[in-house]
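Work through the following exercises with the sequence and the model side by side, and try each task before reading its solution.

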Amino acid sequence: MLNVALPKGRLGEKVYGLFEKAGYECPSLLENSRKLIFENEEKGVRYFWVKPSDVAIYVERGAADIGVAGKDILLEYKPDVYELLDLKLGVCRMAVAAPKNFKDDPRKVLKVATKFKNIASDYYASLGRDIDVIHLNGSIEIAPILKLSDVIVDIVETGKTLKENDLEVMETVCPISARLIANKSAYKFNVEAIEILKERLGKLV
Ligand code: PRP
């Protein structure tokens with residue numbers, strides 16, 4: 001039985017659709033809205049719905065053999081897992097955004113509000129720029145409006161949130177999408193089953 005951690009929510013439903021197409025269906029999964037664990041013994045899969053940002057924790061610690069996590073989470077938390085496949089779902093980008101009239105003064109420490117403090121720190125370290133990272137948990141777009149920060153580092157998908165808050169993208173940090181990940185020892189013990197699954201999913205993306 002392969003234990004699979006899926007990100008709860010809209011992305012997770014798309015991801016499950018892909019697993020279903022690849023031959024790993026579990027019909028009960030879409031019927032019940034409160035239950036979190038579903039299995040199809042015949043197909044050899046057990047699915048768990050977990051918070052998207054927790055998928056990598058379940059996989060890293062072996063509570064799930066495989067899972068699907070956003071590249072943003074993998075870059076931010078650097079879990080010790082194998083990244084097997086880009087599922088090309090949840091495609092967006094990590095970007096620096098600021099108010100439209102913002103002029104960067106390189107002599108000043110840049111104040112950066114973000115949920116992704118490691119991604120932001122790594123990015124500015126690569127540019128040799130000193131920053132003051134302000135770690136927030138959500139509604140990041142408000143920070144520069146209220147002068148809590150100069151810029152934000154956040155996920156941009158359609159750009160609608162930025163536009164509605166009079167912000168614009170200044171730089172793209174990196175592209176983001178959902179990745180199939182595996183626990184390192186589970187991969188070793190189930191290499192055949194996991195490779196077959198990866199191959200079937202790979203043909204669909
Ligand atoms: C993300 C991100 C932006 C928004 C960008 O938030 O933090 O706020 O999506 O999407 P857009 O470019 O299509 O407008 P999310 O919905 O994940 O919520 P959160 O901030 O609560 O994590």
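**Exercise 1. Describe the surroundings of the ligand, and find which element gives the most to the shell around it.**

Step 1. The ligand is surrounded by Lys115, Glu141, Asp154, Ile155, Val156, Glu157, Thr158, Gly159, Lys160 and Thr161, where a residue is listed if one of its heavy atoms lies within 4 Å of the molecule. This is a predicted model, in which local features need pLDDT of at least 70 and side-chain atom pairs count only at pLDDT 80 or more, while totals for chains, interfaces and linings use all residues. Residues are numbered from 1 along each chain as its sequence is written, and side-chain values use heavy atoms, with hydrogens and water left out.

Step 2. Look next for polar contacts, which are pairs of N or O atoms within 3.5 Å; within protein, one atom must be able to donate a hydrogen and the other to accept it, and residues adjacent in sequence count only if both atoms are side-chain atoms. An N or O atom in the side chain of glutamate 141 is 2.7 Å from an oxygen atom of the ligand, a polar backbone atom of glutamate 157 is 2.8 Å from a ligand oxygen, and a polar side-chain atom of threonine 161 lies 2.4 Å from an oxygen atom of the ligand.

Step 3. Of the 500 Å² of accessible area that the ligand has on its own, the protein covers 60%, as computed by the Shrake-Rupley method with a 1.4 Å probe.

Step 4. Two or more residues of the shell come from each of strand 9 (151-156) and helix 6 (160-164); helices (H or I, at least four residues) and strands (E, at least two) are DSSP runs, numbered from the N terminus. Strand 9 gives the most, with three residues.

**Exercise 2. Place strand 9 in its sheet, and explain why strand 7 counts as largely enclosed.**

Step 1. Five strands form an open sheet of mixed pairing in the order 8-7-9-6-10, two strands being paired if DSSP finds at least two bridges between them. Strand 8 and strand 10 (167-176) are the edge strands, each pairing on one side only.

Step 2. Strand 7 runs parallel to strand 9, joined to that strand by three bridges, and alanine 113 stands opposite isoleucine 152 in strand 9. With strand 8 (residues 131-135), strand 7 pairs in the parallel sense over five bridges, and threonine 114 has histidine 135 as its bridge partner there.

Step 3. Strand 7 (residues 110-114) is largely enclosed by the rest of the structure because four of its five residues are buried, that is, under 20% relative accessible area (1.4 Å probe, protein chains only).

**Exercise 3. Is asparagine 40 buried or exposed, and where in the other sheet does its strand stand?**

Step 1. Asparagine 40 is found in strand 2 (residues 37-40), and this residue counts as buried because its relative accessibility is 13%.

Step 2. Its side chain reaches the backbone oxygen of glutamate 25 at 2.9 Å. Leaving aside neighbours within four places in sequence, asparagine 40 is in contact (heavy atoms within 4.5 Å) with Met1, Glu25, Cys26, Pro27 and Val45.

Step 3. Six strands form an open sheet, again of mixed pairing, in the order 2-3-1-4-11-5. Strand 2 and strand 5 (82-86) stand at the edges with a single partner strand each, so one side of each is left without a neighbour in the sheet.

How values were computed:
Buried means under 20% relative accessible area, exposed over 50%, partly exposed in between (1.4 Å probe, protein chains only).
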